[in-house]
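I opened this entry to keep track of what I looked up, residue by residue. Notes follow in the order of the look-ups.

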Amino acid sequence: VARRARDAVRSAKQKSSVREITVWFREGLYRLTNTVVFSREDSAGACQRITYAAYRNEKPVFTSAVPLTGWRNEGDFWVTDLPPGMKPFRTLYYKQGPLPRARGAAFSPTQDYRTAEQLGKSTLPFPAGALKNWPDLADAEIVIRPNYGWVLNILPLESVDEATGIARTQIPASYPMVKVRWGLHDLNARGTAWVENVREVLDEPGEWVLNSRERKLYVRW
(Lines give C-alpha, C1' and ligand atoms only; values in the text may rest on other atoms or scores of the structure.)
Protein backbone atom coordinates (compact mmCIF):
# COMPACT_ATOMS: atom_id res chain seq x y z
CA VAL A 1 0.00 0.00 0.00
CA ALA A 2 2.71 2.49 0.99
CA ARG A 3 4.73 1.70 -2.12
CA ARG A 4 1.68 2.05 -4.38
CA ALA A 5 0.85 5.38 -2.76
CA ARG A 6 4.40 6.62 -3.28
CA ASP A 7 4.36 5.61 -6.95
CA ALA A 8 0.96 7.21 -7.50
CA VAL A 9 2.24 10.47 -6.02
CA ARG A 10 5.30 10.35 -8.27
CA SER A 11 3.02 10.21 -11.30
CA ALA A 12 0.63 12.88 -10.05
CA LYS A 13 3.30 15.43 -9.17
CA GLN A 14 4.54 15.48 -12.77
CA LYS A 15 1.38 17.35 -13.81
CA SER A 16 2.02 21.07 -13.63
CA SER A 17 -1.61 21.72 -12.72
CA VAL A 18 -1.34 19.72 -9.48
CA ARG A 19 -0.54 21.98 -6.55
CA GLU A 20 -1.45 19.82 -3.55
CA ILE A 21 -1.42 16.05 -3.08
CA THR A 22 -2.77 14.35 0.04
CA VAL A 23 -2.59 10.61 0.67
CA TRP A 24 -5.02 9.38 3.34
CA PHE A 25 -4.34 6.03 4.99
CA ARG A 26 -7.42 4.30 6.39
CA GLU A 27 -7.39 2.44 9.68
CA GLY A 28 -5.84 -1.02 9.62
CA LEU A 29 -2.64 -3.04 9.90
CA TYR A 30 -0.29 -2.68 6.94
CA ARG A 31 2.53 -5.23 6.90
CA LEU A 32 5.76 -4.32 5.12
CA THR A 33 7.92 -7.10 3.71
CA ASN A 34 10.52 -4.72 2.24
CA THR A 35 11.72 -1.23 3.02
CA VAL A 36 9.77 1.53 1.28
CA VAL A 37 12.37 4.00 0.01
CA PHE A 38 11.63 7.69 -0.49
CA SER A 39 14.18 9.74 -2.43
CA ARG A 40 14.57 13.22 -3.87
CA GLU A 41 12.13 12.40 -6.66
CA ASP A 42 9.42 12.09 -3.99
CA SER A 43 9.87 15.68 -2.85
CA ALA A 44 7.26 18.24 -3.78
CA GLY A 45 7.95 20.29 -6.87
CA ALA A 46 7.82 24.06 -7.13
CA CYS A 47 4.60 25.45 -5.63
CA GLN A 48 3.51 21.94 -4.62
CA ARG A 49 2.73 20.34 -1.28
CA ILE A 50 2.63 16.58 -0.60
CA THR A 51 1.05 15.17 2.57
CA TYR A 52 0.82 11.61 3.86
CA ALA A 53 -1.60 11.36 6.79
CA ALA A 54 -3.94 9.10 8.73
CA TYR A 55 -7.59 9.43 7.80
CA ARG A 56 -9.63 11.54 10.20
CA ASN A 57 -10.01 9.87 13.63
CA GLU A 58 -8.45 6.63 12.35
CA LYS A 59 -5.20 4.87 13.23
CA PRO A 60 -3.35 3.02 10.47
CA VAL A 61 -0.36 0.95 11.63
CA PHE A 62 2.62 0.12 9.41
CA THR A 63 4.84 -2.68 10.63
CA SER A 64 7.41 -5.17 9.43
CA ALA A 65 6.99 -7.27 12.57
CA VAL A 66 6.60 -11.04 12.18
CA PRO A 67 4.81 -12.95 14.98
CA LEU A 68 6.87 -15.88 16.29
CA THR A 69 4.98 -18.92 17.56
CA GLY A 70 5.65 -22.55 18.40
CA TRP A 71 7.76 -21.85 21.48
CA ARG A 72 9.11 -24.82 23.45
CA ASN A 73 11.12 -25.13 26.63
CA GLU A 74 14.67 -26.48 26.36
CA GLY A 75 16.33 -26.30 29.78
CA ASP A 76 17.10 -22.67 30.61
CA PHE A 77 15.80 -21.38 27.30
CA TRP A 78 12.62 -20.99 25.30
CA VAL A 79 13.23 -21.84 21.66
CA THR A 80 11.35 -21.42 18.40
CA ASP A 81 12.13 -22.01 14.73
CA LEU A 82 12.20 -19.10 12.32
CA PRO A 83 9.40 -19.07 9.74
CA PRO A 84 10.46 -20.10 6.21
CA GLY A 85 12.03 -17.25 4.29
CA MET A 86 12.51 -15.03 7.34
CA LYS A 87 15.82 -13.15 7.27
CA PRO A 88 18.11 -12.72 10.31
CA PHE A 89 17.18 -9.73 12.47
CA ARG A 90 18.60 -7.57 15.27
CA THR A 91 15.47 -6.49 17.14
CA LEU A 92 13.01 -8.59 19.12
CA TYR A 93 9.93 -7.29 20.92
CA TYR A 94 7.70 -8.65 23.64
CA LYS A 95 4.71 -7.12 25.41
CA GLN A 96 6.81 -4.68 27.43
CA GLY A 97 8.88 -3.55 24.46
CA PRO A 98 12.26 -4.42 22.94
CA LEU A 99 14.28 -7.26 24.47
CA PRO A 100 18.09 -7.00 24.77
CA ARG A 101 20.33 -9.23 22.70
CA ALA A 102 22.74 -11.45 24.69
CA ARG A 103 25.83 -9.43 25.56
CA GLY A 104 29.19 -10.51 26.94
CA ALA A 105 31.27 -8.70 29.55
CA ALA A 106 32.88 -5.46 28.38
CA PHE A 107 36.61 -5.36 27.72
CA SER A 108 39.12 -3.07 26.05
CA PRO A 109 41.64 -3.94 23.33
CA THR A 110 45.07 -4.84 24.66
CA GLN A 111 47.09 -2.55 22.43
CA ASP A 112 47.27 1.21 22.04
CA TYR A 113 47.35 3.20 18.82
CA ARG A 114 51.14 3.26 18.48
CA THR A 115 51.51 -0.53 18.36
CA ALA A 116 48.20 -1.61 16.81
CA GLU A 117 47.81 0.77 13.88
CA GLN A 118 49.91 -1.52 11.68
CA LEU A 119 47.55 -4.46 12.35
CA GLY A 120 44.77 -2.93 10.27
CA LYS A 121 41.20 -1.95 11.03
CA SER A 122 39.86 -5.53 10.91
CA THR A 123 42.12 -6.81 13.70
CA LEU A 124 41.10 -6.76 17.36
CA PRO A 125 43.70 -7.64 20.04
CA PHE A 126 41.75 -8.85 23.10
CA PRO A 127 42.57 -9.91 26.69
CA ALA A 128 42.58 -13.60 27.61
CA GLY A 129 39.07 -15.03 28.04
CA ALA A 130 37.23 -12.03 26.57
CA LEU A 131 36.49 -13.82 23.28
CA LYS A 132 36.40 -17.48 22.28
CA ASN A 133 36.21 -19.49 19.09
CA TRP A 134 32.54 -20.24 19.71
CA PRO A 135 30.61 -22.79 17.59
CA ASP A 136 28.14 -20.05 16.60
CA LEU A 137 30.88 -17.54 15.75
CA ALA A 138 29.26 -16.82 12.37
CA ASP A 139 26.43 -14.98 14.14
CA ALA A 140 28.62 -13.19 16.71
CA GLU A 141 29.09 -9.43 16.43
CA ILE A 142 31.56 -7.12 18.13
CA VAL A 143 30.24 -3.79 19.40
CA ILE A 144 33.19 -1.47 19.89
CA ARG A 145 34.32 2.12 20.29
CA PRO A 146 37.43 2.04 18.12
CA ASN A 147 40.00 4.54 19.37
CA TYR A 148 37.49 7.36 19.92
CA GLY A 149 34.92 7.31 22.71
CA TRP A 150 32.19 8.89 20.59
CA VAL A 151 32.34 6.36 17.71
CA LEU A 152 30.45 3.04 17.89
CA ASN A 153 30.83 0.19 15.39
CA ILE A 154 28.92 -3.11 15.11
CA LEU A 155 31.11 -5.64 13.28
CA PRO A 156 30.48 -9.31 12.44
CA LEU A 157 33.27 -11.56 13.69
CA GLU A 158 35.26 -13.63 11.20
CA SER A 159 37.70 -15.51 13.44
CA VAL A 160 39.01 -15.70 17.00
CA ASP A 161 42.50 -17.02 17.82
CA GLU A 162 42.49 -17.65 21.56
CA ALA A 163 46.19 -18.56 21.59
CA THR A 164 47.40 -15.26 20.14
CA GLY A 165 44.59 -13.09 21.51
CA ILE A 166 43.72 -11.79 18.04
CA ALA A 167 40.22 -11.60 16.55
CA ARG A 168 39.33 -10.52 13.04
CA THR A 169 36.14 -8.92 11.80
CA GLN A 170 34.45 -9.44 8.45
CA ILE A 171 34.40 -5.70 7.76
CA PRO A 172 36.89 -3.06 8.96
CA ALA A 173 36.18 -0.68 11.82
CA SER A 174 36.12 3.08 11.32
CA TYR A 175 39.50 3.31 13.07
CA PRO A 176 42.08 0.80 14.38
CA MET A 177 40.52 -1.19 17.24
CA VAL A 178 42.73 -0.04 20.09
CA LYS A 179 42.47 1.47 23.55
CA VAL A 180 40.47 4.69 23.49
CA ARG A 181 42.78 7.68 23.66
CA TRP A 182 40.20 10.44 23.19
CA GLY A 183 36.94 10.68 25.11
CA LEU A 184 35.94 9.92 28.69
CA HIS A 185 39.06 9.38 30.80
CA ASP A 186 37.79 6.16 32.41
CA LEU A 187 36.31 4.56 29.29
CA ASN A 188 39.04 1.94 28.92
CA ALA A 189 38.63 0.88 32.53
CA ARG A 190 34.91 0.23 31.99
CA GLY A 191 35.47 -1.50 28.68
CA THR A 192 35.07 -0.22 25.12
CA ALA A 193 34.02 -3.47 23.41
CA TRP A 194 31.80 -6.50 23.93
CA VAL A 195 30.41 -9.43 21.98
CA GLU A 196 26.72 -9.95 21.20
CA ASN A 197 24.54 -12.78 19.87
CA VAL A 198 26.53 -15.69 21.30
CA ARG A 199 24.66 -18.43 23.14
CA GLU A 200 27.41 -18.81 25.75
CA VAL A 201 26.75 -15.25 27.02
CA LEU A 202 22.96 -15.74 27.10
CA ASP A 203 22.83 -15.50 30.90
CA GLU A 204 20.30 -12.78 31.80
CA PRO A 205 16.47 -13.06 31.83
CA GLY A 206 14.92 -11.48 28.75
CA GLU A 207 18.04 -11.78 26.59
CA TRP A 208 17.98 -13.58 23.26
CA VAL A 209 20.26 -15.12 20.63
CA LEU A 210 19.54 -15.85 16.98
CA ASN A 211 21.30 -18.82 15.39
CA SER A 212 20.98 -18.37 11.63
CA ARG A 213 22.55 -21.75 10.82
CA GLU A 214 20.03 -23.65 12.94
CA ARG A 215 17.36 -21.03 12.16
CA LYS A 216 16.45 -21.00 15.84
CA LEU A 217 15.74 -18.21 18.29
CA TYR A 218 16.76 -18.70 21.93
CA VAL A 219 15.31 -16.59 24.76
CA ARG A 220 16.21 -16.89 28.44
CA TRP A 221 13.41 -16.33 30.98
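I started with arginine 145, which has a relative accessible area of 23% and is therefore partly exposed. The model is a predicted one. I found arginine 145 in the loop between β10 (141-144) and β11 (153-161). I then checked its distance to valine 180, which is 35 residues away along the chain. The C-alpha atoms of arginine 145 and valine 180 are 7.4 Å apart.

Next, aromatic pairs. How many aromatic pairs does the structure hold? I noted 11. A pair of rings is described by the distance of the centres and the angle of the planes, and I wrote down both values for two of the pairs.

Phenylalanine 25 and phenylalanine 62: the ring centres are 4.9 Å apart and the planes stand at 85°, so I entered the pair as edge-to-face. This pair links distant parts of the chain, with phenylalanine 25 in strand β1 (residues 20-25) and phenylalanine 62 in strand β4 (residues 60-63), 37 residues apart. Is phenylalanine 25 buried or exposed? Its relative accessibility is 10%, so I logged phenylalanine 25 as buried. Phenylalanine 62 comes out at 35% and counts as partly exposed.

Phenylalanine 38 and tyrosine 52: here I read 5.7 Å between the ring centres and 80° between the planes, so this pair is edge-to-face. It links distant parts of the chain, 14 residues apart: phenylalanine 38 is in the loop between β2 (28-31) and β3 (49-54), and tyrosine 52 is in strand β3. I have phenylalanine 38 as partly exposed, with a relative accessible area of 43%. Tyrosine 52 is partly exposed at 32%.

I then followed the ring pairs further. They join Phe25, Tyr30, Phe38, Tyr52 and Phe62 into a cluster.

Charges over rings came next. I found arginine 56 over the face of tryptophan 24, at 4.9 Å from the ring centre. The charged end of arginine 56 also sits over the ring of tyrosine 55, at 5.7 Å from that ring's centre.

I went back to the loop between β2 and β3 for aspartate 42, which lies there. Aspartate 42 has 11% relative accessibility, and the limit for buried is under 20%, so I recorded it as buried. Which backbone atom does its side chain reach? I found the backbone nitrogen of serine 39, at 2.8 Å.

Cysteine 47 is placed in the loop between β2 and β3 as well. I logged cysteine 47 as exposed, with a relative accessible area of 66%. I flagged its phi, near 65°, as a positive value in a residue other than glycine. Most residues other than glycine have a negative phi.

I made a second phi entry for asparagine 197, which is not a glycine but has a positive phi of about 65°. Asparagine 197 is in the loop between β13 (193-196) and β14 (208-211). I recorded asparagine 197 as buried, with 5% relative accessible area.

Last look-up: the surface. I found a nonpolar patch formed by Trp71, Trp78, Tyr94 and Trp221, which together have about 450 Å² of accessible area. I took tryptophan 78 from the patch for a separate check and placed it in strand β6 (residues 77-81). Its relative accessibility is 35%, so I noted tryptophan 78 as partly exposed.

Note on methods
Residues are numbered from 1 along each chain as its sequence is written. This is a predicted model: local features need pLDDT of at least 70, side-chain atom pairs count only at pLDDT 80 or more; totals for chains, interfaces and linings use all residues. Side-chain values use heavy atoms; hydrogens and water are left out. Patches are made of residues with over 30% relative accessible area and no salt bridge: like charges are joined within 9 Å, nonpolar side chains (Val, Leu, Ile, Met, Phe, Trp, Tyr) within 5 Å. Accessible areas come from the Shrake-Rupley method with a 1.4 Å probe; for residues, only the protein chains shown count as cover. A salt bridge is a side-chain nitrogen of Lys or Arg within 4 Å of a carboxyl oxygen of Asp or Glu. Helices (H or I, at least four residues) and strands (E, at least two) are DSSP runs, numbered from the N terminus. Buried means under 20% relative accessible area, exposed over 50%, partly exposed in between (1.4 Å probe, protein chains only). Rings of Phe, Tyr and Trp (its six-membered ring) pair if their centres lie within 6.5 Å; planes under 30 degrees apart count as stacked, over 60 as edge-to-face and the rest as tilted. A charge sits over a ring if NZ of Lys or CZ of Arg is within 6 Å of the ring centre and within 35 degrees of the ring normal. A polar contact is a pair of N or O atoms within 3.5 Å; within protein, one must be able to donate a hydrogen and the other to accept it, and residues adjacent in sequence count only if both atoms are side-chain atoms.
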